[in-house]
Number of protein chains: 4
Amino acid sequence: MSVLQGIVPPIVTPMQPDGQVDYDSLDRLLDHLLNAGVDGIFAMGSSGQVAYLTDAERDEVIRRSVARVAGRVPVVAGVADFTARRVIEQARRAADAGVAAVVVTAPLYALNDTAEIADHFRMVAAAVDVPVIAYDVPVRVKTKLSNDLVMQLAAEGTIVAVKDSSGDDVGFRRLAAANRAAGHPIDLLSGHEVMCDAMGMAGADGLVPGLGNVDPAGYLRLWQAVQAADWTTALVEQNRLNKLMEIAFVPQGRSGDAGGIGGFKMALELLGVIDSATMPAPIAPLSDADRDAIRAILAEVDLLS
Amino acid sequence: MSVLQGIVPPIVTPMQPDGQVDYDSLDRLLDHLLNAGVDGIFAMGSSGQVAYLTDAERDEVIRRSVARVAGRVPVVAGVADFTARRVIEQARRAADAGVAAVVVTAPLYALNDTAEIADHFRMVAAAVDVPVIAYDVPVRVKTKLSNDLVMQLAAEGTIVAVKDSSGDDVGFRRLAAANRAAGHPIDLLSGHEVMCDAMGMAGADGLVPGLGNVDPAGYLRLWQAVQAADWTTALVEQNRLNKLMEIAFVPQGRSGDAGGIGGFKMALELLGVIDSATMPAPIAPLSDADRDAIRAILAEVDLLS
Amino acid sequence: MSVLQGIVPPIVTPMQPDGQVDYDSLDRLLDHLLNAGVDGIFAMGSSGQVAYLTDAERDEVIRRSVARVAGRVPVVAGVADFTARRVIEQARRAADAGVAAVVVTAPLYALNDTAEIADHFRMVAAAVDVPVIAYDVPVRVKTKLSNDLVMQLAAEGTIVAVKDSSGDDVGFRRLAAANRAAGHPIDLLSGHEVMCDAMGMAGADGLVPGLGNVDPAGYLRLWQAVQAADWTTALVEQNRLNKLMEIAFVPQGRSGDAGGIGGFKMALELLGVIDSATMPAPIAPLSDADRDAIRAILAEVDLLS
Amino acid sequence: MSVLQGIVPPIVTPMQPDGQVDYDSLDRLLDHLLNAGVDGIFAMGSSGQVAYLTDAERDEVIRRSVARVAGRVPVVAGVADFTARRVIEQARRAADAGVAAVVVTAPLYALNDTAEIADHFRMVAAAVDVPVIAYDVPVRVKTKLSNDLVMQLAAEGTIVAVKDSSGDDVGFRRLAAANRAAGHPIDLLSGHEVMCDAMGMAGADGLVPGLGNVDPAGYLRLWQAVQAADWTTALVEQNRLNKLMEIAFVPQGRSGDAGGIGGFKMALELLGVIDSATMPAPIAPLSDADRDAIRAILAEVDLLS
């Protein structure tokens, strides 16, 4: 019944030094993840720098991802836009491209109340042929989806899952309890890379870790341990991954979008998975010092020799 | 040299009861404003509910506005989108449609620092054949453009004007002083409907009042008084307009987007300028009680008998 | 009937280089203001660095201020504290010291709703023998007093005035209109130094300008013009004061409390009104470069030769 | 070496129906906790409604707590106030009363930068004879203590522990890693009642759960399991406690301070530990329906029959 569970990396969008999407590197990234055994692919999320891509690029990344994955695991796609009617246009194109579900945020720029936000999700669900996953990312859309709203949308079948990037772990745990009490109508996926053992204990059905681009095998080992309730192993793996996560904090004095995703892209370049750590304009590249520091971290956790 | 000064209403986008854009009503709204003598038209701003329109609708509203205005005054258009490369796509279409300038916000959804935001504006200015007006609307994009950033963009010629909807009147006054000290490189337009006399004293070069949709003649009288430094007349007119502005506060317990713009649209319907006060889904219509209260306010200020 | 109207500087609290309150300088500051003809004195506001003084110091500053003013104008005092029962203790001491009113903020640290905030003001008003002025300073207490709440407290006689430091000039203008419509139950005083001409047009009953410490005569001239509806003169004086206000923006890269109040204190030291610009620990002094820049601004507006 | 580890409930302050502190109930609450075997007592935290008590009441609650505990475990006390010099006055009285450490927040009301906040803690540490614990509670003081700041204060010996109520679990986990890497200079205590198993995995040295007032034995069992790395037992106990935690969410439509602490107090009244669930004015009592719902939850987790 579930659309999406387990380890679902939100893929970065590789770019050539001139800023164009690098589809060969995208293929290699997908292979890197699929070979590791991931359970799904989330394209066009925040890690995918969806905000910086044109509609044509978004569509093409989705098409290429679906093609490369070739049905082995579900591909879901972010369809971030201002409001429902615009989201629907994107979502229909994503559905045509073969995604298993679309990932929808609260409205942007608009100033809506809770009833309008609920209707926003309902409009999209009614107009699109694939299921809707709610994407709770208040740091970007400036709206937190309340547990009451999520459970209402879950109960009525508007959404099939939540991708939680809210940073509100207490809220997530209460949501997991509410979801269990309601018969588990939806899947709950957490984006908190450094707390995945804890999110497993809290009852997450899956993880969407940006850092999973870099070390999918690590997250798969962690998730296997979570599934087996082998918390000690989960904890050991999490602590190893948390050392790796420091690549996201290497860039100092940089913007929110430059630092974390920049660290992931640089690591992937250093690992030879993608050709270039290029970020979309106007985001400048990381420094050579940052590159060296990231290389050292990769070596420390034995991803590079 | 100026692209935009004086009274420039940010037009609402009339809609049919089924939610489709009502282009006949749009034409009548433009006539209503042009007949009153406005100095420019701002399409696809927040009052135009830009967040709720598809790209095709945005483009068509701009085309129709340019056509109806037929060169009598400049038409400028909002091209709100996540980041520069997406903004540029919209801005080029708007430029092709004949706008005199495009109105550009800080990035949305993206997490950028000041240097990246400056480059965002520079990317748009470099890629588009019409001038760029910066749109400072932190309540929606969650970023306040600092005076230092604005003056830097002004000095280098990246922007020709600012449309200030920040609510930071103190900042606006300091910006006006800085702009004067720099030789007035840009025009400063304020969106504060209820403080236009004061914004005139502060040194505004023009006004972009949402309420100007309803009573353009009032704002023109106010602006004439400001131009003549006849502050007493300006104050009297402002106080009259402020009574009218209460139409925006009639809807209680409604969302930010339902209340103010809903009040403007309802007034325009009651005045016979547009056919329907319909708002885009998922925003529900105002109540009958709200309609009656708005009618009473229109009568109180002698716009309705 | 009014407790407080006109020009009411929120006095800074002079300090010796060792951080102790400098009462001789306080006397000279009060003389400086009274000689200029101010209409009232507000001690222990944000400009008075109330947050940094012990209760004993707060009480003594109030006592000394009341003594020096000697009934020539009303002295009101801030009694900032967490919640009502603590505020009442301070307010009673201030009342015993002879203040004409106490200035009370919304609760701090506490997480209250509007009904509780209303009762907070009611508890203070019921327990203290002098009138209560509401102090709306959301940048510090993180709560904005809504116009509905203020007008309710006004109608029932809980408060006699509002000291508005909210930065919400649009809200202030609507409050002034609501207050007029209700028969002017309370006085409205604005703290916006650079918009006093506009606040006069909006209907302010008085001003509480921090910059009034430095140039009380300028604000008195401005206010006289406002009273006479001589807006042109008001505007000219405001623009002169706004040049002076740049002293508050001289310190770059400093905290909110270091910059503005630091600028006022430095100017007062340079003018010879107080002995030292010392700020309370842990706030470091302004730099010599800042001192020179402030001196230059004072000269530019002819306060220093 | 550690001042505070293990289970340290932040005690509520029992009150009589007239709002006076109920010291007999306080004694019974302390006995309830000590008999369960808690490792420490934290008086005058947010759960203790420190914001609503006068200095005399704060002091007396601390004195009575120290006396009743009689050295069996450390008693630490919150000394919340605006800035360092005021905090020091309170902290010295608390030290005289015999507390093992004082718990100090970032400045309130003041607008300080990071360097000033660091000096704020240094001023208190230098002036007080007992160790300083940093209290990170941004929901109330509106400042988040950064990990860099905390580790700096830790390295130099300014603070001996952090009480984390920030809700930033990711940040807490990174802080725990940084603290380990630095040789564990300080203890890290988490206030997240519903994530204590996870906080144990993250490396917490102790817990300060408000809900621990109600069920100290449950948290002790949980902590024993954490100490033994018996995560399965910890998880089972946490899930039981999370059912109990719903007492904090029973009150709907109430303020932040009314709901959670109100739920704790009501449960303690129903359990017969304290005489009355009275909250300090202006906070109204919970409803009878809330009382019944809380009773039902207590029965569900077998704390009441």
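# A tour of the chain interfaces

Start by selecting chain D together with chain A: across their interface, 8 residue pairs are in polar contact, with both residues at pLDDT 80 or more. A polar contact here is a pair of N or O atoms within 3.5 Å; within protein, one atom must be able to donate a hydrogen and the other to accept it, and residues adjacent in sequence count only if both atoms are side-chain atoms.

Before moving on, a word on what is on your screen. This is a predicted model, in which local features need pLDDT of at least 70 and side-chain atom pairs count only at pLDDT 80 or more, while totals for chains, interfaces and linings use all residues. Residues are numbered from 1 along each chain as its sequence is written, chains are lettered from A and ligands numbered from 1 in the order in which they are written, and side-chain values use heavy atoms, with hydrogens and water left out.

## Stop 1: chain D against chain A

Stay with these two chains and look for charged pairs. The interface of chain D and chain A has 4 salt bridges, each being a side-chain nitrogen of Lys or Arg within 4 Å of a carboxyl oxygen of Asp or Glu. Select Arg173(D) and Asp197(A): their side chains form a salt bridge, 2.6 Å from N to O.

Now colour chain D by helix. Helices H7 (169–181), H8 (196–202) and H10 (231–245) of chain D each supply at least two residues of the side that touches chain A, and the largest share, 6 residues, comes from H10(D). Helices (H or I, at least four residues) and strands (E, at least two) are DSSP runs, numbered from the N terminus.

In total, 22 residues of chain D and 22 residues of chain A take part in the contact, where contact means heavy atoms within 4.5 Å. About 1,900 Å² is buried between chain D and chain A, and carbon and sulfur atoms give 60% of that. Show Arg173(D), Arg174(D) and Met201(D) as sticks: in chain D they lose the most area to chain A, together 33% of what that side buries. Buried area is the accessible area (1.4 Å probe) that two parts lose on being put together, summed over both.

How is chain D placed relative to chain A? A turn of 180° and a shift of 0.0 Å along the axis lay chain D on chain A with an RMSD of 0.0 Å. The superposition is by least squares on the C-alpha atoms of residues with pLDDT of at least 70 in both copies. Centre your view on Ala198(D), whose C-alpha is the nearest to the axis in chain D, 2.5 Å from it.

## Stop 2: chain B against chain A

Hide chain D and bring up chain B. Here 44 residues of chain B are in contact with 44 residues of chain A, and about 3,700 Å² is buried, with carbon and sulfur atoms giving 56%. Pick out Arg85(B), Tyr109(B) and Leu111(B), which lose the most area to chain A within chain B, together 23% of what that side buries.

There are 6 salt bridges across this interface. Select Glu57(B) and Arg85(A), whose side chains meet in one of 2.4 Å, N to O. Next, select Asp81(A) and Arg86(B), which form a salt bridge of 3.9 Å, N to O. Asp81(A) lies in the loop between strand S3 (75–78) and helix H3 (84–97) of chain A, and Arg86(B) in helix H3 (residues 84–96) of chain B, so this pair joins two chains.

Chain B can be laid on chain A by a turn of 180° and a shift of 0.0 Å along the axis, with an RMSD of 0.0 Å. The two copies are thus related as by a two-fold rotation axis. The same surface serves both, as 100% of the contact residues of chain B recur in chain A.

## Stop 3: the pairs that do not touch

Show the four chains together. Chain A and chain C do not touch, and their nearest C-alpha atoms are 15 Å apart. Likewise, no contact joins chain B and chain D, whose closest C-alpha atoms lie 15 Å apart.

## Stop 4: the sheet inside chain D

Finally, isolate chain D in cartoon view. You will find an open sheet of 8 strands with parallel pairing, in the order S1-S8-S7-S6-S5-S4-S3-S2; two strands pair if DSSP finds at least two bridges between them. Strands S1 (6–7) and S2 (41–43) of chain D stand at the edges with a single partner strand each, so one side of each has no neighbour in the sheet.
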